[in-house]
Amino acid sequence: GTFTPTAFGTTAAGTTTYASQTGSYTKVGDTVYVNIYISWTAMTGTGDLRIGGLPFTSSSASNYYTTGTIVPLLGFTWPSGKTQLNPLIGASDTAMSIYGSATDSNSGGAATDSEIVALAITITYKV
């Protein structure tokens, strides 16, 4: 199936001007495989970046987290000192957070980005 991903901030969702919002998924039993291409030319949201609009709510299991792969294709501002980006979905959620990580360093949330940005994301999660 298909869905329309969205980008917003955690402190204030704000308004996002999209260039592209493409989401596709395959659901097999309780597992959802998701592919996203999302790009925007302006964003007024503040706080950490979230990508929402996922087609199903994630599992409500205690301590549930799942991760995937994210590739910044254009203009993404990396969290300071981080060398890898990870999309993360927590329990009972229809949106993912974007975290930066580095060797021997705590993960940190990626901030919203008002510049021109394009991201490719794949993630698998349980419902």
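This passage walks through the confidence, core, strand pairing and a few serine residues of the protein.

The model is a predicted one. Its mean pLDDT is 91, with 98% of residues at 70 or more. Confidence peaks in strand 1 (residues 2-3), at a mean of 98, and bottoms out in strand 9 (residues 108-109), at 79. As a general caution, coordinates should not be read in detail where pLDDT is low.

On to the core. The largest nonpolar core holds 24 residues, and the ones with the most contacts inside it are Ile-36, Trp-40, Leu-49, Ile-51, Met-96, Ile-98 and Leu-119. At least two core residues come from each of strand 4 (31-43), strand 5, strand 7 (84-90), strand 8 (95-101) and strand 10 (117-126). Strand 4 chips in the largest share, with 6 residues. Ile-36 gives a good feel for the packing: leaving out residues up to four places away in sequence, Ile-36 touches Phe-3, Pro-5, Thr-22, Ile-51, Leu-54, Met-96, Leu-119, Ala-120 and Ile-121. Among these partners, Ile-51, Met-96 and Leu-119 also appear in the list of residues with the most contacts inside the core.

Strand 8 is a handy place to follow the pairing. Of its 7 residues, 6 are buried, so strand 8 is largely enclosed by the rest of the structure. Strand 8 runs antiparallel to strand 5, with 3 bridges joining the two; here Arg-50 is partnered with Ser-97 of strand 8. Strand 8 also pairs with strand 7 in the antiparallel sense, over 5 bridges, and Asn-86 finds its bridge partner in Tyr-99 of strand 8. Tyr-99 turns up again in the pairing with strand 9, where its bridge partner is Gly-109. Strands 8 and 9 run antiparallel too and are joined by 2 bridges. Strand 9 is also where confidence is lowest. Strands 7 and 8 make up a hairpin with 4 residues between the strands, and in this hairpin Ser-92 takes a positive phi near 50 degrees.

Ser-92 leads on to the loop between strand 5 and strand 6, where Ser-58 is found. The side chain of Ser-58 reaches the backbone nitrogen of Ser-92 at 3.1 Å. Beyond its neighbours within four places in sequence, Ser-58 is in contact with Tyr-64, Ile-89, Gly-90, Ala-91, Ser-92, Asp-93, Tyr-125, Lys-126 and Val-127. Ser-58 has a relative accessibility of 4%, so it counts as buried.

Ser-60 also sits in the loop between strand 5 (49-52) and strand 6 (65-74), but Ser-60 is exposed, with a relative accessible area of 60%. The cut-offs matter for this contrast: buried means under 20% and exposed means over 50%. With neighbours within four places in sequence set aside, Ser-60 is in contact with Ala-91 and Ser-92, both of which are also contacts of Ser-58. Ser-60 and Leu-88 are 28 residues apart in sequence, and their C-alpha atoms lie 15 Å apart.

One more serine, Ser-20, is found in strand 3 (residues 16-28). A polar contact of 3.5 Å links its side chain to that of Thr-22, and Thr-22 is also touched by Ile-36. Setting aside neighbours within four places in sequence, Ser-20 is in contact with Tyr-37, Ile-38 and Ser-39.

Key
Residues are numbered from 1 along each chain as its sequence is written. This is a predicted model: local features need pLDDT of at least 70, side-chain atom pairs count only at pLDDT 80 or more; totals for chains, interfaces and linings use all residues. Side-chain values use heavy atoms; hydrogens and water are left out. Buried means under 20% relative accessible area, exposed over 50%, partly exposed in between (1.4 Å probe, protein chains only). Contact means heavy atoms within 4.5 Å. pLDDT is the predictor's confidence in each residue, from 0 to 100. A nonpolar core is a set of buried Ala, Val, Leu, Ile, Met, Phe, Trp, Tyr and Cys residues joined through side-chain atoms within 4.5 Å. A polar contact is a pair of N or O atoms within 3.5 Å; within protein, one must be able to donate a hydrogen and the other to accept it, and residues adjacent in sequence count only if both atoms are side-chain atoms. Two strands pair if DSSP finds at least two bridges between them.
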